Protein chains: 2
Amino acid sequence: MSSGLRLAELGELGLLAELERRGLAVRIENDAAELPGGRVVTQDALVEGVHFRLDWLSWRDLGFRAAAVNLSDLAASGAEPDGLVVSLAARSDTAVADVVELYEGFAEAGVPVIGGDTSASERLVLSVTALGRSRRVPGRGGAQPGDVLVVTGALGAAGAAFREERYIRPPLRLEEGRRLARKAHALIDVSDGLARDAGHIAARSGCRLVIDLERVPIAEGAAVEDLAFGEDYELLAAVPEPDGFVEIGRCEDGEGIALLLHGEPYELPGYIHFRA
Amino acid sequence: MSSGLRLAELGELGLLAELERRGLAVRIENDAAELPGGRVVTQDALVEGVHFRLDWLSWRDLGFRAAAVNLSDLAASGAEPDGLVVSLAARSDTAVADVVELYEGFAEAGVPVIGGDTSASERLVLSVTALGRSRRVPGRGGAQPGDVLVVTGALGAAGAAFREERYIRPPLRLEEGRRLARKAHALIDVSDGLARDAGHIAARSGCRLVIDLERVPIAEGAAVEDLAFGEDYELLAAVPEPDGFVEIGRCEDGEGIALLLHGEPYELPGYIHFRA
């Protein structure tokens with residue numbers, strides 16, 4: 001192993017800055033890659049034992065989940081989906097009925113599987129690319145003082161389910177994403193936890209995000225601590241006006257984020273990529 | 001685990017047929033997915049311990065390899081690449097210098113990284129989507145009796161290297177792919193082994209592929225058995241005329257493939273997805 005700085009010390013945004021400075025990559029922190037002509041692409045790999053456990057969810061739920069986490073990135077780009085490309089690597093003694101269920105789970109997400117590949121592997125690996133088109137991708141860098149922060153639904157359900165050693169189906173917020181994308185100054189899906197994802201917007205936009213925790217809708221069975229878990233896949237947007245969405249805070253001059261509970265600072269355990 | 005038929009019994013093509021019959025997926029056996037407007041998309045996930053070992057190759061070679069195996073699928077689609085979307089999941093104690101080397105390896109493949117994501121994971125997972133445009137994707141289903149079979153370069157090098165517990169850099173055949181795609185009736189990259197990939201064309205085209213093994217260019221240090229290993233990433237095409245490429249066989253009426261060595265049938269150990 002090389003000596004020197006570790007990812008944990010540099011952090012995700014630091015790594016991105018380093019790669020961009022060297023001309024090795026661009027925009028690798030966004031929810032989706034943008035190509036000319038309004039094309040939007042997003043991808044994720046789900047690896048057995050790393051991202052999911054088959055004793056916690058069914059094959060059908062796994063398929064839905066693999067589709068939904070990618071479609072969530074399209075939603076955060078205000079995109080209309082075109083299709084999914086799915087690569088499946090599975091053990092050769094996998095039951096065909098299970099694989100059919102997996103693809104039925106994909107179908108339940110409502111976007112067709114238009115290509116992909118299958119191969120043999122000791123460990124189940126599902127790679128999904130979602131393709132779509134967007135008229136306007138707000139990104140994370142445009143939030144400004146005076147904006148209000150809104151969310152598309154209740155948070156914390158994924159964290160609560162995880163404590164019970166199960167997963168729940170992520171919501172599909174494609175329509176809400178397209179509606180928000182028309183006017184939002186910044187738009188992101190809540191996959192890393194509310195504080196962390198708000199932090200992405202604050203860092204990229206160069207302003208301070210203040211969240212009033214008592215206004216955040218909490219899913220049934222969840223507690224405020226579950227907001228730190230992430231994987232809720234609701235959308236968080238900085239917008240000039242709430243426009244019918246639930247307002248949970250605002251954008252101010254400054255930097256970083258402030259979590260307040262009835263006006264008092266509140267510490268939420270944060271999940272930060274590459275940091276302990 | 002469910003009872004009933006296993007993937008090993010159904011095989012890769014059988015699984016595809018079953019999913020297509022149920023309307024759950026289309027074209028998941030092709031090298032790349034096609035979208036309206038000549039857009040072509042391909043993806044692969046490389047998982048540490050499944051697809052590579054870091055004691056066998058450097059971070060830079062891993063980056064090049066992850067780019068090259070995807071670009072090979074674009075080459076087999078006759079496509080001009082637009083960019084790569086790269087998602088990296090790595091341990092938080094990974095050295096930043098190693099990650100920079102990884103992305104330098106991507107850069108050496110000559111196609112820019114235009115998006116992606118990073119996250120923390122105990123096991124290194126690299127997901128790559130390659131995006132491009134093609135005027136004509138030959139696919140695998142158009143080979144016809146009278147066609148000749150050609151390859152773009154020597155085979156067997158990857159298998160020979162693997163015996164020495166190392167990997168070699170796959171070739172990039174994008175230009176050859178575009179040249180072949182203009183007229184080829186079928187085009188594929190040799191990733192599963194010559195016999196297996198020729199078998200894909202035979203099965204999809206409904207004809208018989210005959211290969212004269214003594215005409216197949218064998219890489220230095222490799223033996224004819226190494227043709228079964230795959231991962232050579234040269235292109236195999238069924239074309240009306242060789243057009244300067246190396247001719248190794250022909251397409252006839254019938255089905256399946258025939259491997260001949262100086263006119264005598266020759267048994268090559270085959271690598272077949274999902275089959276023991």
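Over which residues of chain A does pLDDT stay under 50? The stretch is 271-276 of chain A, and the model still has 24 contacts for it beyond four places in sequence, a contact being heavy atoms within 4.5 Å. pLDDT is the predictor's own confidence in each residue, on a scale from 0 to 100. For chain A as a whole the average is 90, with 95% of the residues at 70 or above. The model scores come out at ipTM 0.78 and pTM 0.83.

A few ground rules apply: this is a predicted model, in which local features need pLDDT of at least 70 and side-chain atom pairs count only at pLDDT 80 or more, while totals for chains, interfaces and linings use all residues. Side-chain values use heavy atoms, with hydrogens and water left out, residues are numbered from 1 along each chain as its sequence is written, and chains are lettered from A and ligands numbered from 1 in the order in which they are written.

On to the two copies. A turn of 180 degrees with a shift of 0.0 Å along the axis lays chain A on chain B at an RMSD of 0.0 Å, superposed by least squares on the C-alpha atoms of residues with pLDDT of at least 70 in both. That is the relation of a two-fold axis. Both copies use the same surface, since 100% of the contact residues of chain A recur in chain B.

As for internal space, a cavity is a set of points, on a 1 Å grid over the protein atoms alone, where a 1.4 Å probe fits but cannot get out; lining residues have an atom within 4 Å of a point. Grid points are joined across faces, edges and corners, and volume is the space filled by probe spheres set on the points. Eight cavities of 30 Å³ or more turn up, and the largest holds about 60 Å³. Its lining draws on both chains, including Leu35(A), Arg39(A), Leu35(B) and Arg39(B). β2 (39-47) and β5 (125-133) of each chain supply at least two lining residues apiece.

Chain A also has an open, mixed sheet of seven strands, ordered β7-β9-β6-β10-β8-β11-β12. Strands are DSSP runs (E, at least two residues) numbered from the N terminus, and two of them pair if DSSP finds at least two bridges between them. The edges are β7 (186-189) and β12 of chain A, each pairing on one side only. Toward the β12 end, β8 (208-212) and β11 (257-261) of chain A run parallel over four bridges, with Ile211(A) partnered by Leu259(A). β11(A) then joins β12 (264-265) of chain A antiparallel through two bridges; here Leu261(A) has Glu264(A) as its bridge partner. In that hairpin, with two residues between the strands, His262(A) takes a positive phi near 50 degrees.

How values were computed. 1 Å grid on protein atoms, 1.4 Å probe; cavity = no way out; pocket = protein on both sides within 12 Å on 5 of 7 lines; lining within 4 Å.
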